[in-house]
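Reader: Mind walking me through this one? I'd like the working as well as the answers.

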Amino acid sequence: MALAAEKGLADSRVMERTETELIAAVLKGDSASFEPLVQKYSPRVFATARRYARRESEVEDIAQEVWLKAFDKLKSFRGAAPFEHWLMRLTVRTCYDFLRGHQRNRESSFSDLSEPESDWLERFVSAPEAASENADAAKMLIGRVLERLTPPARLVITLLEIEDRSVKEISKLTGWSVPLVKVRAFRARAEMRKIVSKMAKDKYL
Amino acid sequence: MNIAELKKKLIAAARANVPGDQVPYAFEKRVSALLAARVAPQNLDGWVRGLWRAAVSCVAIALLCGAWSLFMPVTTTSATDLSQDFENTLLASVDQGDQAP
C-alpha cells in the first residue's frame, strides 16, 4: 500500500517535471511542446466552456481562444500554483468575455415554452416533488433561465450554485475581490428569482 | 407557485446536467497549426514596427527642420547667401582640390 502510494507520488512528480519542462521549452521558442499540454487539459477546458455556450461551434471557439491566450500569456505563469489552476482561471475569464460579447435578447418572454417544458412546470405546480430535476425539460428550462441572466450573474450562479464553489475560489477564478463576488452573488440570486417569477407569470397569467 | 422551490429544482437540474468533456478530433493539432501560423507574422511584426518607428522619426525630424528654417530669425547676410553657403559647403572638397597646386 505504502509502496503504491510512493510510486503514485513519484509518478506525479515525473508528470509535474515533464509539465514544467514542456512549459520551459515553449518559453524558449519550441511551440511544438505546447501540444501535449493542449491534449492533456483540453477536456477540462471544453467541459467548462460547455457550461456557458450552447452551440458546439461556440464551445470550440472558446477553447481555441483559451489556448491561444495561454500560449501568449505563458510568460506570466510563474509555476507557484499548478498549471491547471492557472489555465482554469484563464478559461473562466475567457468564458466571461464570451458571455459579455454574446449577450442575447434577455427581455423576451417565456411564452414560447415547448410542450415538455410546459408539462414539467404544470407537474411542478400540482406536485413539486413529482417534477424530477433529472428531466430533460427541467434542464432546458434552467438553460433558458441562465441565458436571460446578465453575464456577471450567470457566471456567479454557475460557479456558486451549480459548481458549488466557495466565494474565495470564485474570487481567484474571476479576479474579482471577495466583497465584489458577494455583492454580485446577492444581485445574481435576486436576478434569477425575478426571471423565474417572470417565467411563472408568463405561463400562468 | 413556490418560486423559491422552483428555483431550487432548476438549480438541481443544472447540477445534474454535468457537461461532457469530449474534445473534437485532432483539436490539439488545430491549435498547433494556428500557433505555427501566428509565429511567422510575429517575427515580421518586429520589423514592421521598427520600420514604422523609423518612418515616424524621419517625418518628425523633417518637420522640425522645416519649422526651424521657417521660424529662424533671418539676418540679411545669411538669408541672401543661404543657398550659396549650402553650395559652398557641398562643393568645399572640390574647390579645395581645384585650389591645390
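Author: Sure, one definition to begin: helices (H or I, at least four residues) and strands (E, at least two) are DSSP runs, numbered from the N terminus. This is a predicted model, where local features need pLDDT of at least 70, side-chain atom pairs count only at pLDDT 80 or more, and totals for chains, interfaces and linings use all residues. Residues are numbered from 1 along each chain as its sequence is written, while chains are lettered from A and ligands numbered from 1 in the order in which they are written.

Reader: How many helices and strands are there in chain B?

Author: Going from the N terminus, the elements of chain B read α-α-α-α. That makes zero strands, and the helices number four.

Reader: Which element gives the most to the side of chain B that touches chain A?

Author: Call two residues in contact if their C-beta atoms, placed from the backbone, lie within 7 Å. On that basis 29 residues of chain B are in contact with 36 residues of chain A. The elements giving two or more residues to chain B's side are α1 (3-16) and α2 (27-71) of chain B. With 12 residues, the one that gives the most is α1(B).

Reader: V31(B): buried or exposed?

Author: V31(B) is found in helix α2 of chain B, and leaving aside its neighbours within four places in sequence, its contacts are V38(A), Q64(A) and W67(A). A residue is buried if 20 or more other C-beta atoms lie within 10 Å of its own, exposed if 12 or fewer, and partly exposed in between, with C-beta atoms placed from the backbone. V31(B) has 23 other C-beta atoms within 10 Å, so V31(B) is buried.

Reader: Within what arc do the buried residues of α3(A) fall?

Author: The buried ones in α3(A) are V59(A), I62(A), A63(A), V66(A), W67(A) and A70(A). Take the directions from the helix axis to the C-beta atoms. Seen down that axis, the buried residues of α3(A) line one face of the helix, because they fall within an arc of 130°.

Reader: Which helix gives the largest share of the largest nonpolar core?

Author: A nonpolar core is a set of buried Ala, Val, Leu, Ile, Met, Phe, Trp, Tyr and Cys residues joined through C-beta atoms within 7 Å. The largest has 52 residues, and V145(A), V156(A) and L10(B) are those with the most contacts inside it. The largest share of this core is eight residues, and they come from helix α2 (residues 34-52) of chain A.
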